[in-house]
Each structure stands twice: as C-alpha cells, then as structure tokens.
Amino acid sequence: QVHLVESGGGLVQAGGSLRLSCAASGTIFRINVMGWYRQAPGKQRELVARITSGGSTNYADSVKGRFTISRNNAKNTGYLQMNSLKPEDTAVYSCNADILDPFLKSYDTWGQGTQVTVSS
C-alpha cells in the first residue's frame, strides 16, 4: 500500500504565505503526476496545481503567479508554496498522486487533507 500525508496548513493573514508538503510512503517505484486540490465549504473540489514527473506544471487561473508547485523525486515529496494569500484561498487542501509500485500497478492516492484559513 501507499499513503500520502500532507502538512503545513494553518491560519495566516491575507497577504501571507504558507508552504504545504505532501509526503508519499510505501513501496514506491515511481510517482507520476502529483496534484494539489482544494475544497471550500459549499463548493466543489477544484484543481489548484499539478506537476508531472518531468517537472511540467499547470495551475488554476485563480492561483497563477501566487502559488508554485514543486517536487523532490528522491524524497517522494511534493510541495505547494502559496504566497499573497487571499481569504478566498481558504479551503481544505488535499494532495493527489498517481503512484506506481514495483509491479507497475498504479494507485490513485489521496492524502487526508490539511486546512488552510486566510483571515482578512
């Protein structure tokens, strides 16, 4: 089995920064795409940012220029640097990854989520 654990959420004032981490564990051969999603109360979950194993990225329009997704393949860890945070960024942020085991079986894996709250 494989698991993802997020960390780094919390309460921050508008204009502040947070860095989220997503650590994968288990028997891992390779992690393909890693992504960060968020869900605010009463809203649908949305993609925030995604990064491939080769480092290609894409972002939601609402976070372009403010958020940066990255990863350390050697550590099986992904990151989301969030700058210039706004109250509308308040949500539960969850990490998702397509993880291959040594038998090349693919696991679509989610973390438990971490709360980000931005006060005005």
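# Strands, Core and Ring Contacts

Colleague: In which loop is the place of Asn-76?
Modeller: Asn-76 sits in a loop bounded by E7 and E8. These labels refer to DSSP runs numbered from the N terminus (strands: E, at least two residues; helices: H or I, at least four). The place of Asn-76 is therefore given, with strands named in this way, as the loop between E7 and E8.

Colleague: Which pLDDT do local features need in this predicted model?
Modeller: Residues are numbered from 1 along each chain as its sequence is written, and side-chain values use heavy atoms, with hydrogens and water left out. The model is predicted: totals for chains, interfaces and linings use all residues, side-chain atom pairs count only at pLDDT 80 or more, and local features need a pLDDT of at least 70.

Colleague: What is the phi of Asn-76, which is not a glycine?
Modeller: Asn-76 has a relative accessible area of 23% and is partly exposed; the classes are buried under 20%, exposed over 50% and partly exposed in between (1.4 Å probe, protein chains only). Although Asn-76 is not a glycine, its phi is positive, at about 55°.

Colleague: What is the phi of Ser-84, a residue other than glycine?
Modeller: Ser-84 occupies the loop between E8 and E9. At 42% relative accessibility, Ser-84 counts as partly exposed. The phi of Ser-84 is positive, near 50°.

Colleague: In what order do the four strands of the open sheet stand?
Modeller: Strands count as paired if DSSP finds at least two bridges between them. Strand E1 (2–7) and strand E7 (67–72) each have a single partner strand, so these two stand at the edges with one side lacking a neighbour in the sheet. Neighbouring strands are turned by 15° against each other on average, direction ignored, where axes are lines fitted to C-alpha atoms (for helices over the stretch in contact) and angles run from 0 to 180 degrees between N-to-C directions. The pairing is antiparallel, and the order is E1-E3-E8-E7.

Colleague: Which residue in E3 is the bridge partner of His-3?
Modeller: E1 pairs with strand E3 (residues 18–26) in the antiparallel sense over six bridges. His-3 is also among the contacts of the residue in question, together with Gln-1 and Val-2, leaving aside neighbours within four places in sequence (contact: heavy atoms within 4.5 Å). That residue is partly exposed, with a relative accessible area of 35%. The bridge partner of His-3 is Ser-25.

Colleague: Is Ser-21 buried or exposed?
Modeller: Ser-21 is found in strand E3. Beyond its neighbours within four places in sequence, Ser-21 is in contact with Val-5, Glu-6, Ser-7, Trp-36, Gly-78 and Tyr-79. Its relative accessibility is 18%, so Ser-21 counts as buried.

Colleague: Which strand gives the most to the largest nonpolar core?
Modeller: A nonpolar core is a set of buried Ala, Val, Leu, Ile, Met, Phe, Trp, Tyr and Cys residues joined through side-chain atoms within 4.5 Å. The largest has 29 residues, of which Trp-36, Val-48, Phe-67, Leu-80, Met-82, Tyr-93 and Ile-99 touch the most other members. Strands that each supply at least two residues include strand E4 (30–39), strand E5 (46–51), strand E8 (77–82) and strand E11 (114–119). With five residues, the strand that gives the most is E9.

Colleague: Which residue in E10 does Asn-96 stand opposite?
Modeller: Strand E9 (residues 91–100) and strand E10 (residues 106–110) run antiparallel and are joined by five bridges. The two form a hairpin with five residues between them, and Leu-104 in the turn has a positive phi of about 65°. Opposite Asn-96 stands Trp-110.

Colleague: What is the angle between the planes of Tyr-37 and Trp-110?
Modeller: Rings of Phe, Tyr and Trp (its six-membered ring) pair if their centres lie within 6.5 Å; planes under 30 degrees apart count as stacked, over 60 as edge-to-face and the rest as tilted. By this rule there is one aromatic pair. Tyr-37 lies in strand E4 and Trp-110 in strand E10, so the pair ties together parts 73 residues apart in sequence. The pair is tilted, at 5.0 Å centre to centre, and the angle between the planes is 55°.

Colleague: How many Å from the centre of the ring of Trp-110 is the charged end of Arg-45?
Modeller: A charge sits over a ring if NZ of Lys or CZ of Arg is within 6 Å of the ring centre and within 35 degrees of the ring normal. The charged end of Arg-45 sits over the ring of Tyr-37, 5.9 Å from its centre. It also sits over the ring of Trp-110, where the distance to the centre is 3.9 Å.
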